[in-house]
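Q: I have a model open and would like to learn how to read its strands, core, domains and ligand site. Could you walk me through them?

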Amino acid sequence: MASNNHFFEGAEKLLEVWFLRTEDGQDLRDIAREDWEEVLKTVRCQIISTMKNDSQDAYLLSESSMFVSDRRFILKTCGTTLLHNALPLMLDLAKKKCGFHVVEDIFYSRKNFMRPELQHNMHRSFEEEVIILEKLFEDGAAYCLGRMNGDCWYLYTTNNPDSSKPGQAEPDQTLEILMMDLEPDAMKLFHKNSIDPAEIAKLSGIADLEPGTIIDDFLFEPCGYSMNGLLPDGAYMNIHVTPEKDFSYASFETNVSKKSYANLVKRVLNVFKPGRFVMTLFANMESELFGVQEKGGSGDHAKLTSEVYPGDSTFEDKIFDYQRQDWQASKFSNYYLTFCNYAKVKTKPS
Ligand SMILES: C[S@@+](CC[C@H](N)C(=O)[O-])C[C@H]1O[C@@H](n2cnc3c(N)ncnc32)[C@H](O)[C@@H]1O
């Protein structure tokens, strides 16, 4: 049970917005840092540091992360932040500063909160969050996957008929692992103590999750850890850790392209050693997960059967001593989604 004195809601609100590309070379990275700071002020978080490569700008925030690429905007915020406040401002900036008029896809998702009653009104329930989204977008659909009496995961996404058609879009996939009940020994590293913060990524195993990751990380006082990672080819990752024993939580997210995430998932679990976790995988037909598509091929959806559903090899029945509890799959206009949750197998006393 969480302590009444100190509580932090680690579970993030995650927003990903894709704008429809036109021929004018629009780029969301033309939006100035001061403009983003104004947006983030309304969300109630600040920029801690930034890094960039050819494909994207990564902002490490006081409450999680923001990634900006030419036509994709990702904002992930935890605690009691007001993420929905960012949306009208961001849409307005994208239109006025970059000429983006059409949203191709939006994904808003989050795990159920541990203490929803501590959130501000707009985020106290998913229903209230959806009412706000419905005022901004057409053709949205809201879902709840997982257990209504346990861990569940909410998603709001649009079904824009103008979206890139299968075979025309760029490959895209997102893996998220949301972990609870983290092993206290594994959490010791994420407290400010004698360990040099610069060593945490190396000592914890985070630096070795994916070779070639450029890391920007931060250790909070007295505890808590956030990191953004940039990889080649437009790939990113981010990790956020709330190590307090009563409400421990860590999240891992990446869009790195792989045929299977099985080994990466195991490396992540080895770092945090959760008691239970939720895992989601989004992929479009162009993703490497579906194998190489014929050049100019139609991305034939009919080929998609349960045998090749994204994540089959990632979402094994058993991973280490974790047993899969639920498996759910959904199909959207050009994306496929797998949701699973896992819990550590309890050993019966002999
Ligand atoms: C790393 S931040 C980001 C949270 C992230 N979404 C997660 O996965 O838990 C949260 C952790 O840092 C701690 N923390 C300390 N100072 C903080 C601050 N100024 N803002 C946010 N978190 C802070 C919190 O108590 C918590 O353990």
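**Reading strands, core and domains**

A: Happy to. Keep in mind that this is a predicted model. Let's begin with pairing: strand β9 (residues 173–180) and β14 run antiparallel to each other, joined over eight bridges. Within that pairing, L178 has V278 in β14 as its bridge partner.

Q: Which strand pairs with β14 over nine bridges?

A: That is strand β17 (residues 335–344), and the sense is again antiparallel. For a single point of register here, look at T280, whose bridge partner in β17 is F339.

Q: How should I think about side chains along a strand?

A: The general idea is that side chains in a regular strand alternate between the two faces of the sheet. For the case here, turn to burial along β14.

Q: Is strand β14 largely enclosed or exposed?

A: Strand β14 (residues 276–284) is largely enclosed by the rest of the structure, because eight of its nine residues are buried.

Q: Which residues have the most contacts inside the largest nonpolar core?

A: They are I177, M179 and F277, in a core of 89 residues. Domain 1 (9–163) and domain 2 (165–350) each supply at least three residues to this core. To see one member's surroundings, take F277: neighbours within four places in sequence aside, F277 is in contact with I177, L178, M179, M180, N341 and Y342.

Q: How many residues of each domain are in contact with the other?

A: On the domain 1 side there are 28, and they are in contact with 26 residues of domain 2. The elements supplying at least two residues each to the domain 1 side are β2 (47–52), β3 (56–61), β4 (64–69), β7 (140–146) and β8 (152–158). Of these, β4 gives the most, with four residues. By class, that side of domain 1 has 11 nonpolar, 12 polar and five charged residues. The centres of the two domains, taken over C-alpha atoms, are 19 Å apart.

Q: And where does the ligand lie with respect to domain 1 and domain 2?

A: The ligand lies between them, because both domain 1 (9–163) and domain 2 (165–350) give residues to the shell around it. That shell has 21 residues, the closest being G10, C78, G224, H240 and T242. Two or more residues come from each of β11 (225–230), β12 (236–242) and β13 (249–254).

Q: What is the make-up of the shell around the ligand by class?

A: The shell has nine nonpolar, nine polar and three charged residues.

Notes. Residues numbered from 1 in each chain as written. Predicted model: local features only at pLDDT ≥ 70, side-chain atom pairs only at ≥ 80, totals over all residues. Buried ≥ 20, exposed ≤ 12 C-beta atoms within 10 Å, placed from the backbone. Pairing = 2+ DSSP bridges. Core = buried A, V, L, I, M, F, W, Y, C linked by C-beta atoms within 7 Å. Domains from an automatic or database assignment. Contact = placed C-beta atoms within 7 Å. Near = placed C-beta within 6 Å. Nonpolar A, V, L, I, M, F, W, Y, C, P; charged D, E, K, R; others polar.
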